[in-house]
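Hello, and thanks for passing this one along. My notes follow as numbered points, with the cut-offs given once as they come up.

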Amino acid sequence: MALFGKKRTAAARESVDRTRLPQHVAVILDGNGRWARRRGLPRTAGHVAGAENFRTIATLCKNMGIKNFTVFAFSTENWKRPTEEVAAIMKLLVQYLQESIEKMEKDHIRLHFWGDLTPLSDELKALCATTDRISEGYDGMNVNVCLNYGGRDEIMYAARAFAQECLDAGRVPDKMEPAMLERHLYSAGVPDPDLIIRPSGEERISNFLLWQSAYAEYYFTDVMWPDFDEEELLRAFVAYQQRARRFGGIDETEKDG
Ligand code: IPE
Ligand code: IPE
Ligand code: MG
């Protein structure tokens, strides 16, 4: 017999092993526009629903004990969209941060921003700075919001910073090691994502966490982001827990003899 609603979610909760959750979960918040269009609504309505859902899923992750949660909210390529859509997304971000600043005290969530914030409005930049400052003393879940973020840009900025370090110290760059570059990434000090979720049926990376995703497990689903609920999240965790992560090695059971 098919299980319904709450019962099905309860069953899904049972199937996740709480002791083997990913340390770092990243999500490409995709499908807002199509979610709205399918309902005969403007794309902006999809972004509103998507922002609301971000809160819901972030809270679920926090309550489950996920340590790091990174979301792709606006890419370096998203400026190509109609001016009105970009303006609406920026307005939503301002609203979102104003509300978050009030709630942070209660949730103890550490909110950080990954990306080049320079082209953002002064208001948005100031809100990001305030949020960062308040977050400093908190020890709750780390939430990283990727804003005007591009994986290629991130690596390029890190390479530039490393080259400058070499120049300043009169060193040659041939001793460069991965850790030296990582120090200059937005993600410095944060473990690589274990699981990257992309809703909306697209199966591509779209310039997200190019360096950090070297050994991430991917989870794709056709569900649009505003409809991505607890059950979907649990399904992604179950799929993750069924993967054999070898990191280039082999499992005990796969050895000869
Ligand atoms: C993701 O949803 C939000 C942003 C990229 C800002 P989309 O707006 O890309 O939604 P679709 O992919 O067009 O449905
Ligand atoms: C990726 O989604 C970026 C964000 C979700 C912020 P896009 O909708 O921009 O990706 P493409 O264009 O379909 O690859
Ligand atoms: Mg999209």
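1. Let me begin with ligand 2. Its surroundings consist of Ile28, Leu29, Asp30, Phe72, Ala73, Phe74, Ser75, Asn78, Arg81, Arg198, Arg204 and Ser206, where a residue counts as near a molecule if one of its heavy atoms lies within 4 Å of it. Please keep in mind that this is a predicted model, in which local features need pLDDT of at least 70 and side-chain atom pairs count only at pLDDT 80 or more, while totals for chains, interfaces and linings use all residues; side-chain values use heavy atoms, with hydrogens and water left out. Residues are numbered from 1 along each chain as its sequence is written, and chains are lettered from A and ligands numbered from 1 in the order in which they are written.

2. Which secondary-structure element gives the largest share of the shell around ligand 2? That is strand S2 (residues 68-75), with four residues; helices (H or I, at least four residues) and strands (E, at least two) are DSSP runs, numbered from the N terminus. By class, this shell holds five nonpolar, three polar and four charged residues. Here Ala, Val, Leu, Ile, Met, Phe, Trp, Tyr, Cys and Pro are nonpolar, Asp, Glu, Lys and Arg are charged, and the others, Gly among them, are polar.

3. Now for the polar atoms at ligand 2. A polar side-chain atom of Asp30 is 3.2 Å from an oxygen atom of the ligand, and a polar side-chain atom of Arg198 also lies 3.2 Å from a ligand oxygen. For Arg204, a side-chain N or O atom is 2.8 Å from an oxygen atom of ligand 2. On its own, ligand 2 exposes 390 Å², of which the protein buries 78%; accessible areas come from the Shrake-Rupley method with a 1.4 Å probe, and for residues only the protein chains shown count as cover.

4. Where does ligand 2 sit? The space it takes is the largest pocket, and ligand 1 sits in the largest pocket too. A pocket is found on a 1 Å grid over the protein atoms alone, as an open set of points where a 1.4 Å probe fits, with protein on both sides within 12 Å along at least five of seven lines. A molecule sits in a pocket if more than half of its atoms lie within 2 Å of its grid points.

5. Turning to ligand 1, 13 residues surround it, and Leu29, Asp30, Gly33, Arg34 and Arg81 come nearest. Helix H2 (32-37), helix H3 (43-64) and helix H4 (83-107) each supply at least two residues of this shell, with H2 giving the most, three residues. The shell divides into three nonpolar, five polar and five charged residues.

6. Oxygen atoms of ligand 1 have both backbone and side-chain partners. A polar backbone atom of Gly33 is 2.9 Å from one such oxygen, and a backbone N or O atom of Arg34 lies 2.7 Å from a ligand oxygen. Arg81 offers a polar side-chain atom at 2.6 Å from an oxygen atom of ligand 1. The protein covers 88% of the 380 Å² of accessible area that ligand 1 has on its own.

7. His47 is worth a look. Its side chain makes a polar contact of 2.9 Å with the side chain of Glu85 and another, of 3.3 Å, with the side chain of Asn32. A polar contact is a pair of N or O atoms within 3.5 Å; within protein, one must be able to donate a hydrogen and the other to accept it, and residues adjacent in sequence count only if both atoms are side-chain atoms. Glu85, in helix H4, also joins its side chain to that of Arg43 through a polar contact of 2.8 Å.

8. Is Glu85 buried or exposed? Glu85 is buried because its relative accessible area is 8%, where buried means under 20%, exposed over 50% and partly exposed in between (1.4 Å probe, protein chains only). Asn32, in helix H2, is buried as well, at 10%.

9. Two backbone angles deserve a check. Most residues other than glycine have a negative phi. Asn148, in strand S4 (residues 142-149), has a positive phi near 45° and is buried at 6% relative accessible area. Asn207, in the loop between strand S5 (195-198) and strand S6 (217-220), has a positive phi near 70° and is buried at 13%.

Key:
On a 1 Å grid over the protein atoms alone, a cavity is a set of points where a 1.4 Å probe fits but cannot get out, and a pocket is an open set with protein on both sides within 12 Å along at least five of seven lines; lining residues have an atom within 4 Å of a point.
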